[in-house]
Amino acid sequence: MNINVQNTQKNISTKEKITKILCLFVFLFVLFSVLPGVAQGAELYINSTSTTNGEYGLNQSWETKVFLNSDGEGINAVEGKFLFPSDLLEAKTISDGNSVVNLWVEKPQLESDGQIVFSGITPGGYNGEQGLIFSVIFSSKKEGDGVLGLSQARALLNDGQGTVAPLLISNWQFLISPAFPSPTLPIVEDIYPPEEFLPQITHSTTLFNNQWFLIFATQDKNSGIDRYEVKESKNAKSGRWLVAESPYLLQDQQLKSYIYVKAIDQTGNERIEILQPRTPISDYQNIINIITRNTIALIVLIIVLALIIIGYFTRNLWRKKQRKR
Amino acid sequence: MNLSKSKIFIIIAFFLLVPATILASESDGTILSGHEYGWGDQSGWVNFGTTLGNVHVTDTGLTGYAWAANHGWINLNPSLGGVHNDSAGNLSGSAWGEQLGWISFANVGIDAQGNFNGTATGTLAGTITFDCAYCDTRTDWRPASARIVCGNGIIETDEQCDGGDFGGKTCASLGYSSGSLSCRADCSLNTSGCSSGDSGGGGGGGVAPATTVIFSGWAYPKSIITLLKDAQVAATGVAGTNDASFQITLTGLSGGNYTFSAYSEDSRGNRSSLLTFSVSVTAGVTTNVNGVFIAPTISVDKKEVAQGDDITIFGQSAPDNEITITVNSEEAHYAKTISDKNGIYLYNFDTAPLELGQHFTKSKAAVEDNISTFSKTIDFLVSTKTIISPPAPKCLLKADLNDDCKINLIDFSIAAYWYKRPLNADIKILETEKLNNDGKIDLVDFSIMAFYWTG
């Protein structure tokens with residue numbers, strides 16, 4: 001297959017340029033060495049942008065990336081724990097922007113101090129040497145040395161059986177000292193919203209008691225997806241955005257609402273996809289909805305009802321008094 | 001206060017009987033608003049569309065309750081009976097009315113438009129009709145043969161296109177000057193491959209160039225190619241009749257690393273293996289991905305073959321391709337043949353050199369300097385007897401958790417919900433039958449799903 005690029009007229013995006021790594025302290029050890037004869041295998045490795053050979057000043061920020069080298073095999077699933085010394089470092093941002101992982105079972109996130117869990121799949125498998133899994137922007141808090149590492153990591157072959165691939169793990173050693181300079185991390189400009197996507201409504205006997213739920217997923221190629229929000233609304237202006245995860249149990253089980261799904265990236269760019277109601281509401285129902293949604297109308301209605309009830313009891317009391325007379 | 005009680009009753013009855021259209025689909029339908037009444041000569045009005053009654057029409061039968069104005073609820077799915085559906089809309093079995101006894105639906109049907117017809121009968125209920133002058137009962141459920149199928153290559157109601165069928169529309173007929181249409185996964189037209197001309201013109205100023213990827217390659221003559229972008233269907237295209245070549249254009253990308261996949265189906269409905277590749281796309285630039293060569297499909301005529309007999313290995317590729325067939329046993333065996341003008345290839349493989357036991361075969365295609373990836377791998381047994389292969393199942397069983405013949409985000413989401421949770425009885429059965437049968441949902445199950453992925 002040939003891939004070529006035409007019309008290189010203008011590149012609007014300020015693409016992130018990864019500074020060449022000048023020096024890497026690599027400690028290799030083999031995990032899951034199933035076959036003694038296998039000297040090589042897939043590899044999960046860590047790479048950090050640095051101009052100081054793994055040496056950082058105090059309060060310096062830098063970006064660390066976790067990559068997959070599939071070593072000629074198709075790898076369709078990876079998981080593991082990324083470990084860092086939380087007394088020395090603060091994980092300021094965790095991003096899945098530009099990841100080769102298309103669907104996250106567990107999106108990279110802080111599970112506990114110094115521990116980022118991740119688990120996801122690439123349908124059809126990834127085959128390449130530098131597949132980005134996720135990236136972390138660290139900030140150094142105090143002087144010291146340490147290692148960024150991976151544990152309980154697994155990479156599975158795209159063979160239909162989930163076979164565990166032999167896996168090499170490469171860690172990254174660093175040193176923090178006030179003697180080292182603290183250059184500022186270049187700001188990556190992200191002007192692009194997340195990718196277009198198509199949310200779907202479905203139901204299953206295995207989930208939410210067969211009630212209708214919403215599924216959605218997309219990617220952001222730059223800063224990464226921050227969160228999703230969902231709004232169900234019978235007319236375009238009303239409704240409230242709620243932070244949501246897929247699968248999302250729909251509140252309107254009659255499917256009479258417009259469903260808005262918003263994907264927001266880490267710099268705040270948004271992509272909104274809209275699903276039409278499956279069961280459009282009639283004009284009559286629409287009027288009823290507008291009335292019931294109108295708080296003032298509702299309050300007036302309650303007052304009128306209260307007046308009717310009070311009037312009814314007052315009339316009864318008055319009649320009773322009349323009879324007694 | 002007696003007056004108040006009757007008012008309350010009327011209010012409750014009103015809310016009970018407000019017709020409602022609830023969960024709706026062609027395979028799990030409800031009763032449509034405005035079309036909920038049947039008429040019984042002894043039972044009076046029968047409302048199938050009340051909110052509380054929650055009537056559903058599925059491929060197997062009716063559930064929920066109908067409300068007879070003078071005789072109370074009618075249970076459509078009682079434990080000792082039930083109204084059944086043969087999925088073609090021919091109803092059978094009986095409902096149970098609390099005051100009307102058994103009511104037979106053996107002479108009731110649902111037509112292709114979802115209309116109930118015929119009569120339901122019972123000793124106490126008399127005859128209930130569904131299509132009289134003042135009554136009609138209609139559902140949005142449809143007989144299997146009348147459903148709209150996005151992806152069958154035929155434009156049906158509410159579809160703008162389907163596969164390679166654009167309903168005669170072209171970029172030119174839609175007002176563009178050139179380019180080619182494509183069809184989105186939801187059977188809506190994608191005009192992103194059309195252009196309005198003015199290409200190469202100067203001026204403009206301020207309009208960002210589109211980020212475009214153009215895929216071209218070969219599949220099978222007249223087959224539909226499905227293109228996935230980051231695991232979700234992004235576009236479909238259709239292969240040419242003569243050379244099985246195709247071209248699909250994607251725009252609206254933002255630039256970055258993308259995982260694209262492509263597959264097709266041969267003339268017998270067999271799906272190819274998934275061809276997956278990573279492309280780094282630069283914003284504002286057109287990227288051409290050439291030589292996307294969909295692997296051949298492959299089948300064998302026998303699942304078990306007597307040693308020394310021939311086994312026929314066949315499938316489809318592009319026309320006039322050189323097909324290399326590999327039979328893996330202790331020693332690999334290779335055979336070559338040429339696909340015909342329809343892309344069909346067939347090779348009678350002599351099993352005499354093969355040992356007794358299980359063997360695997362796969363194929364790949366070559367034309368000029370282009371070579372496809374390998375097809376799916378299928379197995380057969382060499383033994384002392386011959387057993388013909390059964391017809392291929394309509395759908396793959398593996399990883400399809402919602403039985404829609406696709407492995408996609410829905411299946412992923414169902415499995416993802418149960419990740420690290422104790423499984424309930426339903427998902428346990430699915431995990432056993434369709435995943436790796438270890439009683440839990442973990443990364444191995446997702447890896448299996450990723451292998452069989454269709455988007």
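# A tour of strands, charges and a covered helix

Begin by selecting strand β10 (residues 131–140) of chain A together with β5(A): the two run antiparallel and are paired through eight bridges. The model on the screen is a predicted one, and every stop below should be read with that in mind. Within this pairing, put K65(A) at the centre of the view, and S135(A) of β10(A) will be found opposite K65(A).

Keep β5(A) selected and turn to its other partner. Strand β3 (residues 42–48) of chain A is joined to β5(A) by six bridges, again in the antiparallel sense. Here the residue that faces K65(A) is N47(A), so that K65(A) can serve as a reference point for both pairings.

Now show the side chains of β5(A), which spans residues 61–69. How many of its nine residues are buried? The strand is mostly covered, and the count of buried residues is nine of nine. Colouring the two faces separately makes the pattern easier to follow: S61(A), E63(A), K65(A), F67(A) and N69(A) point one way, while W62(A), T64(A), V66(A) and L68(A) point the other way, and all of these residues are buried.

Next, select the open sheet of chain A that is built from six strands, in the order β4-β13-β11-β6-β9-β8, with mixed pairing. Its edges are β4 (55–56) and β8 (103–112) of chain A, each of which pairs on one side only. As a general reminder, the strands of a sheet pair through backbone hydrogen bonds, and they may do so in a parallel or an antiparallel arrangement.

Stay at the β8 edge and add strand β9 (residues 115–126) of chain A, which pairs with β8(A) over six bridges in the antiparallel sense. Two facing pairs are useful for checking the register by eye: L103(A) stands opposite I121(A) of β9(A), and L110(A) stands opposite I116(A) of β9(A). Following the chain through the hairpin of β8(A) and β9(A), where two residues lie between the strands, you will come to G114(A), which has a positive phi near 75 degrees.

From β8(A), the tour moves to charged side chains. Select K81(A) and E111(A), whose side chains meet in a salt bridge with an N to O distance of 3.6 Å. Because K81(A) belongs to strand β6 (residues 75–83) and E111(A) to strand β8 of chain A, this pair ties together parts that are 30 residues apart in sequence. The two partners can be compared by their cover: K81(A) is buried, at a relative accessible area of 18%, whereas E111(A) is partly exposed, at 41%.

For a contact between chains, select K221(A) and D230(B), which form a salt bridge whose closest N and O atoms are 2.6 Å apart. The pair crosses from the loop between β15 (213–215) and β16 (225–233) of chain A to the loop between β19 (224–229) and β20 (232–238) of chain B. Are these partners buried or exposed? K221(A) is buried, with a relative accessible area of 2%, and D230(B) is buried as well, with a value of 1%.

Within chain B, K440(B) and D442(B) form another salt bridge, with their closest N and O atoms 3.9 Å apart. K440(B) counts as partly exposed at 45% relative accessibility, while D442(B) is buried at 13%. Back in chain A, D226(A), R227(A), E229(A), K262(A) and E270(A) may be selected as a group, since salt bridges that share partners join them into one network. Over all chains, the count of salt bridges comes to 14.

Remain with charge, but move to the surface, and select R315(A), R319(A), K320(A), K321(A), R323(A), K324(A) and R325(A), which gather there in a patch of positive charge. One of these residues, K324(A), lies in helix α2 (residues 295–324) of chain A, and K324(A) counts as exposed at 77% relative accessibility.

As a last stop, select helix α2 of chain B, residues 409–418, which is mostly covered, with 10 of its 10 residues buried. Among the buried residues to display are F412(B), Y417(B) and W418(B), together with L409(B), I410(B) and I414(B); D411(B) and S413(B) also belong to the buried set. After α2(B) comes K420(B), where the backbone takes a positive phi near 60 degrees.

Definitions and conventions: Residues numbered from 1 in each chain as written. Chains lettered and ligands numbered in written order. Predicted model: local features only at pLDDT ≥ 70, side-chain atom pairs only at ≥ 80, totals over all residues. Heavy atoms only, no water. Patch = residues over 30% accessible without salt bridge, like charges linked within 9 Å, V, L, I, M, F, W, Y side chains within 5 Å. Areas by Shrake-Rupley, 256 points an atom, 1.4 Å probe, with all protein chains shown as cover. Salt bridge = Lys/Arg side-chain N within 4 Å of Asp/Glu carboxyl O. Lys, Arg positive; Asp, Glu negative; His and termini not counted. Charge placed at Lys NZ, Arg CZ, Asp CG, Glu CD. Helix = DSSP H or I, 4+ residues; strand = E, 2+ residues; numbered from the N terminus. Buried < 20%, exposed > 50% of the residue type's maximum accessible area, 1.4 Å probe, protein only. Pairing = 2+ DSSP bridges.
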